[in-house]
Amino acid sequence: MRTKWSVNIFKGWGRPGAKDSPSSKTAQDATAELDDPKKRAAFLERNMHGSVSDNIFQEEIDAAGPSSAREGEAAAQQPQQEQQQLEQKTRENMAMVTDPDPRSRMRWQRRKVIQMVRSNGAVSKEDRIKATERQLLHKSHFMPTSVKKLVMLSRQIAGKPVDEAISQMQWSKKKMAAEVKYYLEEARDLAIAQRGMGLGKVNGEVLDKPRKIFTREGKWVEVTDPTRMYVAQSWVGRGPWRGKEIDYKGRGRMGVIQHPSTSFTVLLKEEKTRIREHEEREAKKAAKGPWVHLPNRRIHGQRPYYSW
């Protein structure tokens, strides 16, 4: 099972005796230490709030500090108002972070103003959908597997709610199912924290009556929470070759085995999107009208003789 504290589990993959090597034993010991809550807290404290005692620039840092205790006392007695003025985040001080490329920003704003004037202030369908519906695109790192193997898991979770897709990967026998489950959970957490998706029960957006909709996959789904997340799209991508291996054959012949790597990408959306797509399909079907066997059309190209 993969955890956020695990060391690279694919290090030394495919090499004989990699499990018995000293590096693997060291990695296992480090992982076992991080499983302890106290040691993990000490590790985080040391890395986040550590000192610079072992820094090679320690002498320069000490030289740049106050040369005597008097200077330290004078700095401590400095008025708080002056310190607040120095710490103020003005627009000029934050320009390097908030506006690193002002020329590109001005060109982008000018282009958007021109587009708005040309469209007479009308909002396109794509812009309206982006403003009213949320989505999250998440891509994984390259995993040591082939496209043929990973695409089966990608097709298995497409169109399913996120919780159901995670359950499918949890009980799957495939080796990469644990990795897909990890990235699905990561995408779900990012969608909640960054985009505010899946918070219908907290914000009181649950429907009074469950609603049945017909999905693109040809299935009827009952929706009670319009903010429930589902896997709208999932696909895989071929990555660089991880290495090569000689395949020895008979009669002095040989071949080359290449170890592939593949990435996994998932697009999460809310049930609001499927409800809108269902309503659009129903409206298009209602506006189409009944089907006529022999429509009343004008006949063109008549001749006084047979055409065959």
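**Briefing: helix packing and salt bridges**

R274 and E271 sit three residues apart in helix 13, about one turn of the helix. Their side chains meet in a salt bridge, with N and O 2.9 Å apart. The model is predicted. Its protein chain has 13 helices and seven strands, and the structure holds twelve salt bridges.

**The chain as a whole**

- Of the 308 residues in the protein chain, 22% are buried.
- When contacts between residues at least 6 apart in sequence are taken, 70% of them join residues at least 24 apart.

**The R274–E271 pair in helix 13**

- An α-helix has 3.6 residues a turn, so residues three or four places apart point the same way.
- The spacing of R274 and E271 in helix 13 is three residues.
- Side chains of opposite charge can pair when their charged atoms come close.
- E271 has a relative accessibility of 0% and counts as buried.
- R274 also counts as buried, at 6% relative accessibility, because the cut-off for buried is under 20% relative accessible area.

**Other salt bridges**

- K125 pairs with E280 in a salt bridge, and the closest N and O atoms are 3.5 Å apart.
- This pair links distant parts of the chain: K125 belongs to helix 8 (residues 125–132) and E280 to helix 13 (residues 271–288), with the two positions 155 residues apart in numbering.
- K125 is partly exposed, its relative accessible area being 44%, and E280 is partly exposed at 34%.
- Through salt bridges that share partners, K125, E133, R276 and E280 are joined into one network.
- Another salt bridge is formed by the side chains of D189 and R188, at 3.3 Å from N to O.
- D189 is partly exposed, with 42% relative accessible area, and R188 counts as partly exposed at 23%.

**Helix 9 against helix 10**

- Helix 9 spans residues 147–157 and helix 10 spans residues 162–170; their axes come within 9 Å and cross at roughly 145°.
- The crossing of these two helices is right-handed.
- On the helix 9 side, L153, Q156 and I157 make the contact, and on the helix 10 side A165, Q168 and M169 do so.
- By class, the residues in this contact are four nonpolar and two polar, with no charged ones.

**The buried side of helix 10**

- V162, A165, I166 and M169 are the buried residues named here for helix 10.
- These four lie on the same side of helix 10, because they cover an arc of only 100° around the axis.
- The cover over the buried residues of helix 10 includes helix 9, helix 11 (177–195), strand 4 (229–238) and strand 7 (262–270).
- A165 and M169 thus appear twice: both are buried, and both take part in the contact with helix 9.

**T265 in strand 7**

- T265 lies in strand 7, one of the elements that cover the buried residues of helix 10.
- T265 is buried, with a relative accessible area of 6%.
- Apart from neighbours within four places in sequence, T265 is in contact with L137, H138, K139, Q233, S234 and W235.

Notes
Residues are numbered from 1 along each chain as its sequence is written. This is a predicted model: local features need pLDDT of at least 70, side-chain atom pairs count only at pLDDT 80 or more; totals for chains, interfaces and linings use all residues. Side-chain values use heavy atoms; hydrogens and water are left out. Axes are lines fitted to C-alpha atoms, for helices over the stretch in contact, and angles run from 0 to 180 degrees between N-to-C directions. A crossing is left-handed if the near helix is turned anticlockwise from the far one by less than a right angle, and right-handed if clockwise. Contact means heavy atoms within 4.5 Å. Ala, Val, Leu, Ile, Met, Phe, Trp, Tyr, Cys and Pro count as nonpolar, Asp, Glu, Lys and Arg as charged, and the others, Gly among them, as polar. A salt bridge is a side-chain nitrogen of Lys or Arg within 4 Å of a carboxyl oxygen of Asp or Glu. Buried means under 20% relative accessible area, exposed over 50%, partly exposed in between (1.4 Å probe, protein chains only). The arc is that of the directions from the helix axis to the C-beta atoms.
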